[in-house]
Every structure is written in structure tokens, then in C-alpha cells.
Amino acid sequence: MSKSLLIVAHAPSENTKALRDAALDGARQTGGAVTIRCLSPFEADPDAVRDCDAILLGTTENLGYMSGALKDFFDRIYYPCLEETQGLPYALFVRAGHDGTGTCRAVESITTGLRWRAVQEPLVCRGAYDPSFVAQCRDLGAGMAAGLEAGIF
């Protein structure tokens with residue numbers, strides 16, 4: 001049975017779209033062994049979360065917090081998914097103009113409440129935009145899909 005990875009990423013700029021697209025490209029490296037679905041936080045709903053085997057979250061750092069779009073996603077899926085997605089493996093990437101600490105803390109607080117399981121430390125792309133962020137996000141997407149394919153999580 002094929003596993004599925006859901007990518008929910010807020011990408012309001014060309015740079016953040018490049019990061020989201022890199023994560024998606026990396027995840028697709030499994031050659032179809034893992035079904036990949038990529039949605040904006042506004043498109044993702046509780047059914048999309050319940051239907052996946054792992055989730056990759058992406059957000060910008062906004063005033064030391066996650067984007068309003070990702071917060072809206074969590075607001076809409078929290079209670080419908082609370083009892084049905086416990087243990088869901090997840091990872092996070094943050095495009096942070098500062099240090100990303102508040103953003104990571106906020107996402108961790110919500111995912112802890114949902115009882116989701118982080119499969120790695122958050123990837124925080126800090127400071128001025130650096131083209132190396134693209135490769136880091138591609139590796140993150142590839143790692144998530146490979147972990148699902150191998151049954152690691």
C-alpha cells in the first residue's frame with residue numbers, strides 16, 4: 001500500500017515558492033513510491049490531514065510567529081483531527097528573517113497538542129535569502145518521502 005505525504009506550505013513570495021517547490025521536488029524523488037500532495041494552508045482541510053501518513057509544514061516567520069495562513073490551517077483542523085491523527089509524523093521548514101525561534105515554538109506548541117511526532121528538528125532558513133535554502137528544502141522533502149517509503153515513520 002502506497003504511503004502519502006502532505007505538504008502544507010505558505011508561499012507568499014517567489015523565494016518561498018522556490019522553497020516549497022524544492023520540498024515538493026525532493027519528495028517526488030521516490031519515483032511514485034509515495035503519493036505527494038501539496039496544498040496551501042488555505043486549501044488544506046481536516047480530510048487532507050486525516051488522509052496522509054506524514055505532513056511537511058512550511059511557513060514564513062511573521063513578527064516572530066508562524067504565518068497567519070498556517071495558523072488558520074491549524075485553527076480549522078485542530079479539533080476535527082485531534083483524536084484521529086495522534087502520532088502523525090511531521091517536519092517543519094521556516095523562512096525566517098530573524099531567528100525563527102518564536103515560529104518554531106508556536107508550531108511545536110500546536111503540534112504537541114495534536115500529539116503529532118516531529119521526525120527531525122525544524123529547518124530554519126535564517127537571515128537574508130540564500131540560494132542554499134533551496135537545496136536544504138529539497139533534502140527535507142526527500143527525507144520525508146524516503147522515511148515514509150522505508151517505513152521509518
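This report describes strand pairing, nonpolar cores, helix packing and two single residues in a predicted model.

The model is predicted: local features need pLDDT of at least 70, side-chain atom pairs count only at pLDDT 80 or more, and totals for chains, interfaces and linings use all residues. Residues are numbered from 1 along each chain as its sequence is written, and side-chain values use heavy atoms, with hydrogens and water left out.

**Strands**

Helices (H or I, at least four residues) and strands (E, at least two) are DSSP runs, numbered from the N terminus. Two strands pair if DSSP finds at least two bridges between them. The pairings described here are listed below, each with one pair of opposite residues or bridge partners.

| Strands | Sense | Bridges | Residue pair |
|---|---|---|---|
| β1 (residues 3-9) and β2 (residues 34-39) | parallel | 6 bridges | K3 and V34 |
| β3 and β5 | parallel | 6 bridges | T59 and V94 |
| β5 and β6 | parallel | 2 bridges | Y90 and A118 |
| β5 and β7 | parallel | 4 bridges | A96 and R126 |

The chain runs from β5 through α4 to β6 in a right-handed β-α-β crossover. A crossover is right-handed if, with the strands pointing away from the viewer, the path from the first strand over the helix to the second runs clockwise. A right-handed β-α-β unit is also made by β1, helix α1 (residues 14-27) and β2.

Strand β5 is largely enclosed by the rest of the structure, because 8 of its 8 residues are buried (under 20% relative accessible area; exposed is over 50% and partly exposed in between, with a 1.4 Å probe and protein chains only). P89, A91, F93 and R95 point one way from β5, while Y90, L92, V94 and A96 point the other way.

**Nonpolar cores**

A nonpolar core is a set of buried Ala, Val, Leu, Ile, Met, Phe, Trp, Tyr and Cys residues joined through side-chain atoms within 4.5 Å. The largest has 29 residues, of which V49, I55, L57, F73, F74 and W116 touch the most other members. Two or more residues of this core come from each of β1, α2 (46-50), β3 (54-62), α3 (68-81), β5 (89-96) and α4 (101-114). Helix α3 gives the most, with 6 residues. Not counting residues up to four places away in sequence, F73 touches V8, P41, A44, V49, I55 and L57 (contact means heavy atoms within 4.5 Å). Another core, of 23 residues, lies apart from the largest one and includes L5, A54, A91 and F153.

**Packing of α1 and α5**

Two packed helices are described by the angle between their axes and the distance between the axes. Helices α1 and α5 (residues 132-150) pack at about 35 degrees, with their axes 6 Å apart. Axes are lines fitted to C-alpha atoms, for helices over the stretch in contact, and angles run from 0 to 180 degrees between N-to-C directions. In α1, A18, L19, A22, A23, D25, G26 and A27 meet F133, V134, C137, R138, G141, A142 and A145 in α5.

**Two residues**

T111 is in helix α4 and counts as buried because its relative accessibility is 1%. Leaving aside neighbours within four places in sequence, T111 is in contact with L57, F74, Y90 and W116.

P122 is in the loop between β6 (117-118) and β7 (123-126). At 34% relative accessibility, P122 counts as partly exposed. Leaving aside neighbours within four places in sequence, P122 is in contact with L92 and C104. The C-alpha atoms of P122 and V107 are separated by 9.8 Å, and these residues are 15 residues apart along the chain.
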